[in-house]
Structure formats: C-alpha cells, structure tokens
Amino acid sequence: MTNTSLTFDVKTADRLIWQGQVVMSRSEAPYFDELFERVAQVVRPERVLEIGFGLGISADLIQRRLQPTEHHIVEIDTGIYADLVRFAGDHRGVVACLGDWRSAPLAAPFDLVFYDPFNYTEEPDDPVREAGLLRHLVRNGGALCHPHFGDGPPRVLPGFRTVVLERFKVPKIDMADGTHCGHAAAVLCYPDD
Ligand SMILES: C[S@@+](CC[C@H](N)C(=O)[O-])C[C@H]1O[C@@H](n2cnc3c(N)ncnc32)[C@H](O)[C@@H]1O
C-alpha cells in the first residue's frame, strides 16, 4: 500500500475515528505537551521526521518545542495529507510527504524520528521489520521517540536502546479500543552502536 483514501466515521479537529476505533483524539494533547517538553530537554534535533500526521497535535508541538530546521512529515491517508499540506503552508521547514513510511522516499537519516502511525490493516504489526526500517531512518547518535501509554514496560525495538526519561500521570486518554488510560511516559530510543 502506498497511500489510501479512507472514510472515517468521524474526522474533526478533535477526533479521528475509523471503523469504530479511535485513531487519534485531542485527549492525547496534554500528554504530548509533557512529552515534548521533556524531549526538548534532552535533544535539539535539526532534522526531524514525523510518521503519521493525524490531527497535527504532535506536529504543532514539535514546531513549538523543538524548532527543527527541517520537519518532514509522512502521512498515508489522502484526506489527512490535505490537512498536512495546509499545515506545511503555515510553518517554515515543514516537508509534507504522502505515502506509507515503510516505502516512501524519505530524506534519511534524521536526528529525531517521532513514530506514531496507526495500523489500518488486518495484518498485525511486525515489530522486528519495522525496527529495522526505523534504524535506517535515525542517524547514528540520533534518537527515536514514540508515545508510551500506561505504566507498563516500554516496547522493545531491536537495534535500539530504550530510555524512559520519565513516567507521569496524564488526564484521561481515549485509547483505540475504547478503553482509557491515565498514565504515560516519555521514552527515547537510541540506535545501538
Ligand atoms: C495516531 S495518528 C497520529 C497522531 C499525531 N501524532 C497527532 O498528534 O495528531 C496516526 C497517523 O498515522 C497515519 N498512518 C497510519 N499508517 C501510516 C503509514 N504506514 N505511513 C504513514 N502514515 C501512516 C494515520 O493516517 C494517522 O494520520
């Protein structure tokens, strides 16, 4: 799949719902605000790649908190990509890319990759393959960041060393499956040498 034009049950500035699943909701905004505040204390990336535009909440925070010179954003859905193109028009240094991050031509390597896609297929994620692809997108000495919900252990990404910067409570977040979550963490993954 290179790109897709999905029909969402709900597509507003606050919610993206597809086939009953919450793809993204503004309930994540307070968490993302804390996340990028902490990430900005640790990394100052010049070149950022963001995987998945969604509602543009993280994109806005990356602009404000990290102020990268280049902020590449790849999005698979044409309707959401149209929102991304508008966002790119309003922010200097934003490069919009339509496609599947796994096959799109991306100007790697990046200092920081923010990884927040959503699996629309019936195939389960393949963490080993995805970690291998992500490893090529992050420069040596760079970092990968992904959302971490709940108070459990962070996901293991082969080829990366994961560091939990901080765990904290967050206002209730709506999860994809309809449950809610009140804990989250700021996590950075550093490529192995
Ligand atoms: C959880 S949302 C991202 C939320 C975003 N971080 C925000 O703050 O609003 C996931 C996004 O990734 C996109 N996406 C899903 N699979 C993708 C893929 N393989 N390549 C690129 N984008 C993808 C979805 O269409 C959706 O816009």
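# Exercises on a ligand pocket and a small sheet

The ligand sits in the largest pocket. On a 1 Å grid over the protein atoms alone, a pocket is an open set of points with protein on both sides within 12 Å along at least five of seven lines. A molecule sits in a pocket if more than half of its atoms lie within 2 Å of its grid points. The model is predicted, so local features need pLDDT of at least 70 and side-chain atom pairs pLDDT 80 or more, while totals for chains, interfaces and linings use all residues. Residues are numbered from 1 along each chain as its sequence is written, and side-chain values use heavy atoms, with hydrogens and water left out.

**Exercise 1.** Describe the shell around the ligand.

Solution.
- Step 1: 22 residues surround the ligand, and Leu55, Ser58, Glu75, Asp116 and Tyr120 are the closest. A residue counts as near if one of its heavy atoms lies within 4 Å.
- Step 2: By class, the shell holds 13 nonpolar, five polar and four charged residues. Ala, Val, Leu, Ile, Met, Phe, Trp, Tyr, Cys and Pro count as nonpolar, Asp, Glu, Lys and Arg as charged, and the others, Gly among them, as polar.

**Exercise 2.** Which polar atoms of leucine 55, glycine 56 and aspartate 116 lie by the ligand?

Solution.
- Step 1: A polar contact is a pair of N or O atoms within 3.5 Å.
- Step 2: A polar backbone atom of leucine 55 is 2.8 Å from a ligand oxygen, and a backbone N or O atom of glycine 56 is 3.2 Å from an oxygen of the ligand.
- Step 3: For aspartate 116, a polar side-chain atom lies 2.8 Å from a ligand nitrogen.
- Step 4: Of the 600 Å² of accessible area that the ligand has on its own, the protein covers 98% (Shrake-Rupley method, 1.4 Å probe).

**Exercise 3.** Work out the order and the edges of the three-stranded sheet.

Solution.
- Step 1: Strands are DSSP runs (E, at least two residues), numbered from the N terminus. Two strands pair if DSSP finds at least two bridges between them.
- Step 2: The open sheet has the order S1-S2-S3, with antiparallel pairing.
- Step 3: S1 (10-11) and S3 are at the edges with a single partner strand each, so one side of each has no neighbour in the sheet.
- Step 4: S1 and S2 (residues 15-18) pair over two bridges; lysine 11 has leucine 16 in S2 as its bridge partner.

How values were computed:
A polar contact is a pair of N or O atoms within 3.5 Å; within protein, one must be able to donate a hydrogen and the other to accept it, and residues adjacent in sequence count only if both atoms are side-chain atoms. On a 1 Å grid over the protein atoms alone, a cavity is a set of points where a 1.4 Å probe fits but cannot get out, and a pocket is an open set with protein on both sides within 12 Å along at least five of seven lines; lining residues have an atom within 4 Å of a point. Helices (H or I, at least four residues) and strands (E, at least two) are DSSP runs, numbered from the N terminus.
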